[in-house]
Amino acid sequence: MLDVHFFRRWMAITAASVDREAERLTALDSPIGDADHGTNLQRGFTAVRQALEKEPPATPGAVLTQAGRLLISTVGGASGPLYGTLLRRTGKALGDAGEVGEEQLAEALRAGVDAVMQLGGAAPGDKTMIDALVPAVDALGDSFTAAREAAEEGAVGTTPLQARKGRASYLGERSIGHQDPGATSAALLIAALVDAAEAGGE
Ligand code: ADP
Ligand code: MG
């Protein structure tokens, strides 16, 4: 079972990984965006990490809803409301359970990803974070490791696609040949699940 400590680790590890990869995320957002994706997420996840340390929420659902709220209020750009919705909706689906199973997390994340698709109007193949998140959720039923691989493949697989949503879509065919920054950061979020599970403890 996954307890509140697991969920706090998940967010803390994601924050560390976003810190480490911020320059790369911003560099990916440079040819097909406005070169702010890394700094946007860094600002958001720094706020999440600080809040988790200061006032640690008591349940898995509360960790994610708090993180989602903070991302919405601190991240400028499209990705803030989208990631915020992902975590808030996932947290809401977990309810106030003290511990959740992997299957329950997979179902909740599915609800979160559906909410992102509804909010942003993107479907798989549109060259967005959805291209990493949907395969990840599909694979989550097998294992966290399978989800990490599926998300990474999905992110890399955005390179040949033409963007149909978000800022990159303004470029039309010129968006082809670049990996999507949001799909890349979504793969970091999913990869952090594996690390959070391996880390164990409090
Ligand atoms: P902005 O585009 O406002 O500068 P960011 O640079 O932080 O915001 O995030 C860009 C990423 O957001 C894109 O790479 C893409 O993955 C994701 N994105 C943008 N629009 C959408 C959308 N409508 N649905 C899903 N994801 C989107
Ligand atoms: Mg941007």
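1. Where does Gln-162 sit? Gln-162 is in the loop between H7 and H8. A quick word on the basis before going on: this is a predicted model, in which local features need pLDDT of at least 70 and side-chain atom pairs count only at pLDDT 80 or more, while totals for chains, interfaces and linings use all residues. Residues are numbered from 1 along each chain as its sequence is written, chains are lettered from A and ligands numbered from 1 in the order in which they are written, and side-chain values use heavy atoms, with hydrogens and water left out.

2. Back to that loop. Gln-162 is partly exposed, at 33% relative accessible area (buried means under 20%, exposed over 50%, and partly exposed in between, using a 1.4 Å probe and protein chains only). Setting aside residues up to four places away in sequence, Gln-162 touches Gly-125, Asp-126, Lys-127, Gly-172, Glu-173, Ser-175 and Ile-176; contact here means heavy atoms within 4.5 Å. The C-alpha atoms of Gln-162 and Glu-173 are 5.9 Å apart, with the two positions eleven residues apart in sequence numbering. The helix labels are DSSP runs (H or I, at least four residues; strands are E, at least two), numbered from the N terminus.

3. One of those partners, Lys-127, deserves a look of its own. Lys-127 lies in the loop between H5 and H6 and is buried, with a relative accessible area of just 1%. Its phi is positive, about 65 degrees, although Lys-127 is not a glycine. As background, most residues other than glycine have a negative phi.

4. Ala-35 is another non-glycine residue with a positive phi, near 55 degrees. Ala-35 belongs to the loop between H1 and H2, and it counts as partly exposed at 36% relative accessibility.

5. Now the metal. Which residues are the protein donors of the magnesium ion (ligand 2)? They are Asp-29, Asp-34 and Asp-36, each through OD, lying 2.0 to 2.2 Å from the ion. Donors are N, O and S atoms within 2.8 Å of the metal (3.2 Å for Na, K and Ca), and sites may look incomplete since water is not among the atoms. The donor spacing in sequence reads D-x4-D-x1-D. Asp-29 is buried, at 8% relative accessible area.

6. The largest nonpolar core has 53 residues, and Phe-7, Trp-10 and Met-11 have the most contacts inside it. A nonpolar core is a set of buried Ala, Val, Leu, Ile, Met, Phe, Trp, Tyr and Cys residues joined through side-chain atoms within 4.5 Å. At least two residues each come from helix H1 (4–28), helix H2 (37–54), helix H3 (60–74), H4, H5, helix H6 (130–140), helix H7 (144–156) and helix H8 (181–199). H8 gives the largest share, ten residues. Beyond residues up to four places away in sequence, Met-11 touches Phe-45, Val-48, Leu-52, Val-63, Leu-64, Ala-67, Leu-87 and Leu-189.

7. H6 is mostly covered, with nine of its eleven residues buried. The buried ones are Ile-130, Asp-131, Ala-132, Leu-133, Val-134, Ala-136, Val-137, Ala-139 and Leu-140. Their cover includes H4, H5, H7 and H8.

8. How do H4 and H5 pack, and at what angle do they cross? The axes of H4 (residues 79–94) and H5 (residues 102–120) come within 8 Å and cross at roughly 140 degrees. Axes are lines fitted to C-alpha atoms, for helices over the stretch in contact, and angles run from 0 to 180 degrees between N-to-C directions. The contact residues include Pro-81, Leu-82, Thr-85 and Leu-86 of H4 and Ala-108, Gly-112, Val-116 and Leu-119 of H5. By type, the contact residues split into 13 nonpolar, five polar and one charged (nonpolar is Ala, Val, Leu, Ile, Met, Phe, Trp, Tyr, Cys and Pro; charged is Asp, Glu, Lys and Arg; the others, Gly among them, are polar).

9. Leu-119, in helix H5, shows the contact at the level of one residue. Leaving out neighbours within four places in sequence, Leu-119 is in contact with Pro-81, Leu-82 and Thr-85. Leu-119 and Leu-86 are 33 residues apart in sequence, and their C-alpha atoms are 9.9 Å apart.

10. Lastly, two partly exposed helix residues. Thr-145 is in helix H7 and has a relative accessible area of 35%. Asp-195 is in helix H8, at 34% relative accessibility.
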